[in-house]
Amino acid sequence: MESSVQHLISNEYTEIYSRIPFRLQLSYGVGHVLNDVCASMWFTYLLVFFHLVLNFSASDAGIILLVGQISDALATPFVGFHSDQSDDFYICRYGRRKIWHLLGTICVIGSFPFIFSPCPSCENSHREAQLFYYCIFVIIFQIGWAAVQISHLSLIPELTPNEHDRTKLTAIRYCFTVISNVVVYLITWYVLHISSDNPDDAQIGPNDAPEFQKVVWIGLAIGIFASFIFHIFVKESNGHTGNDVRGGQLRTSVVDLLTSVEVYQVAVVYMSTRLFVNLSQVFIPLYLHETLNMAASALALIPLVMFIGSFATAMTIEFLNRVFGRGISYILGTILGVLACVWIQLRDGQDFVTYDIYAVAVLFGAGGSIILVTSLGITADLIGDKTGSGAFVYGVMSFCDKLANGIAVVIIQELHSGAASTFYRDVLTYVCGGFTIMGSLAVLTLMKRRGRRR
């Protein structure tokens, strides 16, 4: 039998399925590029743009991010539940996952440019009015972003029933996430450092608003093209692409999911992972600006190095998970992340700014890459062959992640008022480091539970 054909054996049946063609893997991977480009701008530069360019207070900038995270958190279970339903509406014939992806893409494209633009004809209005203006577009954007994310993730268990193939799809998806971030940082570095009229050592300021708009529009153009490829080449079938001999899709009821201890254990793993990855992405630029007093171009260069480290590591994650398993792979990523957090706390001075910060960025990227892909693999394992409830499971995970991230950012920004210049250094060390350790502890308890069950 050809190597592209595999057997999947369980206690109840033997299933023969074809490996996913490489073209389909790539076409699936680019389906989240638009989201990734926008997320890179959202997490890395939202606080920078509102606080340093638009001169919002740190707490007001945090409120805008919190509104977005709450909107995303509420939208994800809703999208997940309805994406799992087999509706007979005409538009649903396009694919119950892909139609949500398409609707979400339209919302993202129509709202995101307004977030990174000065409020037209209302720069001198009351701050509350400006907050309301931006929050409207943030809510539309985050609802669309959630629809794209959940529909895209929930396609993984449907494209293949095999654990290692699912990990490979997740790794490819993450590779394109890293590529998208790298592209955003390259564009930002070029716009702020090469094409800008500011001096090389100038920091971010109000005059940089047009530069951020350039980055947004270039990124959106790339994301729209990638989404077009996804919708053309990824075909969603009504049943399981693995030709499930049981016919149809298995489903776990919502009640069973919400009363399962394992669901909450996986949610803690996923939430902790996202807190480490997202908070480091949010606060590293502010750490570079406020604690290290680095130039505007460094706010693109250092995150770029971080995601190059992520990309290099992403190539090995499927191998790590296959050889060492989920638990050891996650702990390895945690060790790299904690090492980066400790390094930031123990080192400073000109040598650190000149040399060490790049090694720290690589460690942040590599550690975050391993634990993020592994946590998504753990979530896919939770779904198993019950792909009929896959979108809802991802929705629950994302709800915990988005809500926790929003609350964490607001609390940190509130504490920032009057704090020392080392404030963001301490945030990266203790908050980010603490969350990745919490994720490892959750993984260990989860692996122990699964071991007893076997």
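How are helices H12 and H13 oriented to each other: roughly parallel, roughly perpendicular, roughly antiparallel or oblique? H12 and H13 turn out to be oblique, because of the angle at which they pack. Helix H12 covers residues 350-383, helix H13 covers residues 390-416, and they pack at about 140 degrees with their axes 10 Å apart. Angles under 35 degrees count as roughly parallel, over 145 as roughly antiparallel, 65 to 115 as roughly perpendicular, and the rest as oblique. The axes are lines fitted to C-alpha atoms, over the stretch in contact for helices, with angles running from 0 to 180 degrees between N-to-C directions.

Before going on, a word on what you are looking at. This is a predicted model, where local features need pLDDT of at least 70 and side-chain atom pairs count only at pLDDT 80 or more, while totals for chains, interfaces and linings use all residues. Residues are numbered from 1 along each chain as its sequence is written, and side-chain values use heavy atoms, leaving out hydrogens and water.

**The overall picture**

The protein chain has 14 helices and two strands; these are DSSP runs (helices H or I of at least four residues, strands E of at least two), numbered from the N terminus. Of its 454 residues, 59% count as buried. Buried means under 20% relative accessible area, exposed means over 50%, and partly exposed is in between (1.4 Å probe, protein chains only).

The largest nonpolar core holds 135 residues, and Phe50, Ile115, Phe116 and Phe283 have the most contacts inside it. Such a core is a set of buried Ala, Val, Leu, Ile, Met, Phe, Trp, Tyr and Cys residues joined through side-chain atoms within 4.5 Å.

**Two helix pairs**

Back to H12 and H13: their crossing is right-handed. (Right-handed means the near helix is turned clockwise from the far one by less than a right angle, left-handed anticlockwise.) On the H12 side, the contact (heavy atoms within 4.5 Å) is made by Leu376, Thr379, Ala380, Leu382 and Ile383, and H13 brings Gly390, Val393, Tyr394 and Met397.

H2 and helix H4 (residues 98-115) cross at roughly 25 degrees, their axes coming within 12 Å. H2 and H4 are therefore roughly parallel, and their crossing is left-handed. Among the residues making this contact are Trp42, Leu46, Phe49 and Phe50 of H2, and Phe112 and Ile115 of H4. Ile115 also touches Tyr134, Phe137, Val138 and Phe141, among others beyond four places in sequence.

**A few residues to click on**

| Residue | Location | Relative accessibility |
|---|---|---|
| Threonine 374 | helix H12 | 0%, buried |
| Isoleucine 357 | helix H12 | 4%, buried |
| Asparagine 55 | loop between H2 and H3 | 48%, partly exposed |
| Asparagine 293 | loop between H10 and H11 | 57%, exposed |

Leaving aside neighbours within four places in sequence, threonine 374 is in contact with Ile317, Asn321, Arg326, Ser329 and Tyr330. On the same terms, isoleucine 357 touches Tyr287, Leu288, Leu292, Ile302 and Phe352. The C-alpha atoms of isoleucine 357 and isoleucine 302 are 7.7 Å apart, with their positions 55 residues apart along the chain.

The asparagines have something to show in their backbones. Asparagine 55 has a positive phi of about 65 degrees although it is not a glycine, and asparagine 293, not a glycine either, has a positive phi of about 55 degrees.
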